[in-house]
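Good morning, colleagues. Please take a moment to look at the sequence and the model on the screen, and then I shall go through its parts in turn.

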Amino acid sequence: GNFVPPIRNNGGSTSNMTSRVIGKNDDSMGDSTRKCLEMLCGPDGELPEKLRNLEPRLIEHVSNEIMDKDPNVRWDDIANSCQPAIAGLEHAKKCVTEMVIWPLLRPDIFRGCRSPGRGLLLFGPPGTGKTMIGKAIAGEAKATFFYISASSLTSKWIGEGEKLVRALFGVACCRQPAVIFVDEIDSLLSQEQQTDLKNWMKQHGGDLQNVYIFPFLHQARAWIIRNLLEKDGLFKLSEEETNIVCKLTEGYSGSDMKNLVKDASMGPLREALQQGVGITKLNKEDMRPVMLKDFETALQEVRPSVSSSELGTYEEWNRQFGSLA
Ligand code: ADP
């Protein structure tokens, strides 16, 4: 009810938009757009007020491309990816649970002194699970998940970014509780603004939690290997072998690890095919489990995607602005 959209309506821009109340007899609209709008209609069959001045094609784009009704990620799917090693995930979980999940589940309790902070900024190298955390928030809070990459607003949606964001918040209002995850938010800022952001954060730091998502811990890598292979019944590595792989993957992110496991799991298949059996005749049970040598081969192909100098930048940021700083 107290929700304030982040983009101010400056009057003029709305009148320039194709403003249209969706009538059932609007022939100019395609079937898929109509279906999508019908799904947003209330029990009275009318489109909610908030959506009436928005362009149908943008509402359709938000509903089909940005909205994820079933973000199928839970806390347990995410490796312990934050610093420090032991308290890290607990800290991220606590911040996220108190700041986002509980207020979504019990807005009546989170008023006054308990009003949640203004925002939660997850930062860290790519492929470390920030999007997964966003989805897990929505999953745990039974909320609809909306994902938008800020860089698409300045590339794909040039000149229409504001309209799209308005459509996004309009649809999210009708789909509450909702989590809106804005990826690559730094792409909206120039170098100069990034400095301003730092100053702003210095002043308003109390209102904004910054959680550093750091992937490169030994046990997190072991967890990802085991978790991914076990799902397919392919995990047969000993503890010692798992440790060897973890030592060889210093600096690999969560998504690097996922790519590595994927590549290693092809090893037994490639070997079985070398025996001359065609792929269509291959008996799944005849394939050996994934072994250390498969990881050693895969390591030639899959290299870490984040350099140590990039990592240094994030660490510096964490020292200045991180919630554990
Ligand atoms: P980010 O948003 O930080 O760039 P993502 O959440 O998109 O990273 O991660 C990409 C993929 O890498 C995920 O879908 C998942 O398969 C894997 N991954 C990354 N980090 C983790 C993690 N901490 N635990 C488990 N899987 C991870």
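The axes of helix 9, residues 218-231, and helix 10, residues 239-248, come within 9 Å of each other and cross at roughly 120°. That angle makes helix 9 oblique to helix 10. The crossing by which helix 9 passes helix 10 is right-handed. On the side of helix 9, the residues that meet helix 10 are His218, Arg221, Ala222, Ile225 and Arg226. Their counterparts in helix 10 are Thr242, Val245 and Cys246. By character, the residues of this contact divide into four nonpolar, two polar and two charged. I should say at this point that the model before you is a predicted one.

Let me turn to a further pair of helices. Helix 11, residues 254-264, and helix 13, residues 292-301, have axes that come within 8 Å and cross at roughly 125°. Helix 11 is therefore oblique to helix 13. The crossing of these two helices, helix 11 and helix 13, is right-handed. Helix 11 contributes Leu260, Asp263 and Ala264 to the contact, while helix 13 contributes Asp294, Phe295, Ala298, Leu299 and Glu301. How do the residues of this contact divide into nonpolar, polar and charged? Five are nonpolar, none is polar and three are charged.

For the protein as a whole, there are 14 helices and five strands. Buried residues make up 29% of its 325 residues. Of the contacts between residues at least 6 apart in sequence, 79% join residues at least 24 apart.

I come now to the sheet. Three strands form an open sheet in the order 1-3-4, and their pairing is mixed. Strand 1 and strand 4, the latter spanning residues 178-183, stand at the edges with a single partner strand each, so one side of each has no neighbour in the sheet. As general background, the strands of a sheet pair through backbone hydrogen bonds, in either a parallel or an antiparallel sense. Here, strand 1 and strand 3 pair in the antiparallel sense, over two bridges. Asp68 stands opposite Phe145, which belongs to strand 3. Helix 5, residues 130-140, lies across strand 3 and strand 4 and runs at about 170° to strand 4.

Next, I ask you to find helix 3, residues 56-66. Which of its residues are buried? They are Pro56, Leu58, Ile59, Glu60, Val62, Ser63 and Ile66. These buried residues pack against several elements: helix 2 at 31-40, strand 1 at 67-68, strand 3 at 144-149, and helix 7.

Helix 7 brings me to my last residue, Ala167, which is found in that helix, at residues 161-174. Is Ala167 buried or exposed? It has 23 C-beta neighbours inside 10 Å, and a residue with 20 or more is classed as buried, so Ala167 counts as buried. Leaving aside neighbours within four places in sequence, Ala167 is in contact with Leu54, Leu58, Ile59 and Val62. Leu58, Ile59 and Val62 are among the buried residues of helix 3 that I listed a moment ago. Finally, the C-alpha atoms of Ala167 and Lys50 are separated by 9.1 Å, although these two residues are 117 residues apart along the chain.

Thank you for your attention.

Notes:
Residues numbered from 1 in each chain as written. Predicted model: local features only at pLDDT ≥ 70, side-chain atom pairs only at ≥ 80, totals over all residues. Axes fitted to C-alpha atoms, helices over the stretch in contact; angles between N-to-C directions. Helix = DSSP H or I, 4+ residues; strand = E, 2+ residues; numbered from the N terminus. Parallel < 35°, antiparallel > 145°, perpendicular 65-115°, else oblique. Left-handed = near helix turned anticlockwise from the far one by under 90°. Contact = placed C-beta atoms within 7 Å. Nonpolar A, V, L, I, M, F, W, Y, C, P; charged D, E, K, R; others polar. Buried ≥ 20, exposed ≤ 12 C-beta atoms within 10 Å, placed from the backbone. Pairing = 2+ DSSP bridges.
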